[in-house]
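Student: I've got the model open and I'd like to know what justifies the labels people put on it. Can we go through them together?
Tutor: Sure, pull it up and we'll start with salt bridges.

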Amino acid sequence: MVAEYELDSKIYKKENLDICYFITGKKFLNGILHYKLKSGSSQEIYLSEFALKENFVSENKMCEQSKNSVSRLFTRIISKGYQTGKSNEK
């Protein structure tokens with residue numbers, strides 16, 4: 001069984017810890033618990049408890065991890081050889 005998240009708690013997307021969502025509601029759809037999520041820049045969405053477990057981390061778990069000054073997404077871009085500057089120079 002998946003642990004339940006509390007209402008009004010923060011969760012963060014695992015791929016990019018800079019993206020934060022608030023849990024604003026819970027609802028059972030087809031026998032599966034779904035959470036209503038809201039971020040500052042998006043509309044409300046519903047995600048299943050399984051999707052949350054796989055793609056998100058709670059604020060408590062995130063605080064246990066070491067804090068990085070650079071987002072994980074940007075770190076991935078850099079590690080794949082992202083270069084700045086004019087790419088059409090000859």
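Tutor: A salt bridge here means a side-chain nitrogen of Lys or Arg within 4 Å of a carboxyl oxygen of Asp or Glu. Keep in mind that this is a predicted model. By that rule the structure holds one salt bridge.

Student: What makes the pair Glu44 and Lys36 a salt bridge?
Tutor: Their side chains meet with N to O at 3.5 Å. The cut-off is 4 Å, so a Lys nitrogen and a Glu oxygen at that distance qualify.

Student: And why is Lys36 called partly exposed?
Tutor: Partly exposed runs between the 20% and 50% limits. Lys36 has a relative accessible area of 22%, so it falls in that band. Glu44, at 45%, gets the label because it also sits between those limits.

Student: Moving on to His34, how do you know that it is buried?
Tutor: Buried means under 20%. His34 has a relative accessible area of 14%, so it counts as buried. It lies in strand S3, and, leaving aside neighbours within four places in sequence, it is in contact with Gly25, Lys26, Lys27, Leu29, Tyr46, Leu47 and Ser48.

Student: What does the side chain of His34 reach?
Tutor: The backbone oxygen of Ile32, at 2.9 Å. The limit for a polar contact is 3.5 Å, so the distance fits.

Student: Why is Ser58 called buried?
Tutor: Same test: the relative accessibility of Ser58 is 14%, and the limit is 20%, so the label holds. Ser58 lies in strand S5. Not counting residues up to four places away in sequence, Ser58 touches Tyr5, Lys10 and Ile11.

Student: Which residues make up the largest nonpolar core?
Tutor: Nine of them: Tyr5, Ile11, Tyr21, Ile23, Leu33, Tyr35, Leu37, Leu52 and Phe56. Strands S2 and S3 are the elements that give two or more residues to this core, and S3 gives the most, with three.

Student: What makes that set a nonpolar core?
Tutor: The label asks for buried residues of the listed nonpolar kinds, joined through side-chain atoms within 4.5 Å. The nine are Tyr, Ile, Leu and Phe residues, so their types fit that list. For Leu33, the contacts beyond four places in sequence are with Glu4, Lys26, Lys27, Phe28, Leu47, Ser48 and Glu49.

Student: How do you know that S3 and S4 pair?
Tutor: Pairing takes at least two bridges. Four bridges join S3 to S4, so they pair, and the strands run antiparallel. For one example, Leu37 has Ile45 in S4 as its bridge partner. The two strands form a hairpin with six residues between them.

Student: What is unusual in the phi of Asp8 and Asn30?
Tutor: Neither is a glycine, yet phi is positive: about 65° for Asp8 and about 55° for Asn30. Asp8 is placed in the segment before strand S1, while Asn30 lies in the loop between S2 and S3.

Student: Why is Asn30 called exposed?
Tutor: Exposed means over 50%. Asn30 has a relative accessible area of 81%, so it passes. Asp8, at 64%, is exposed because it clears that limit too.

Student: How many helices and strands does the chain have?
Tutor: Three helices and five strands, running β-β-β-β-α-β-α-α from the N terminus on. Of the chain's 90 residues, 27% count as buried.

Note on methods. Residues are numbered from 1 along each chain as its sequence is written. This is a predicted model: local features need pLDDT of at least 70, side-chain atom pairs count only at pLDDT 80 or more; totals for chains, interfaces and linings use all residues. Side-chain values use heavy atoms; hydrogens and water are left out. Buried means under 20% relative accessible area, exposed over 50%, partly exposed in between (1.4 Å probe, protein chains only). Contact means heavy atoms within 4.5 Å. A polar contact is a pair of N or O atoms within 3.5 Å; within protein, one must be able to donate a hydrogen and the other to accept it, and residues adjacent in sequence count only if both atoms are side-chain atoms.
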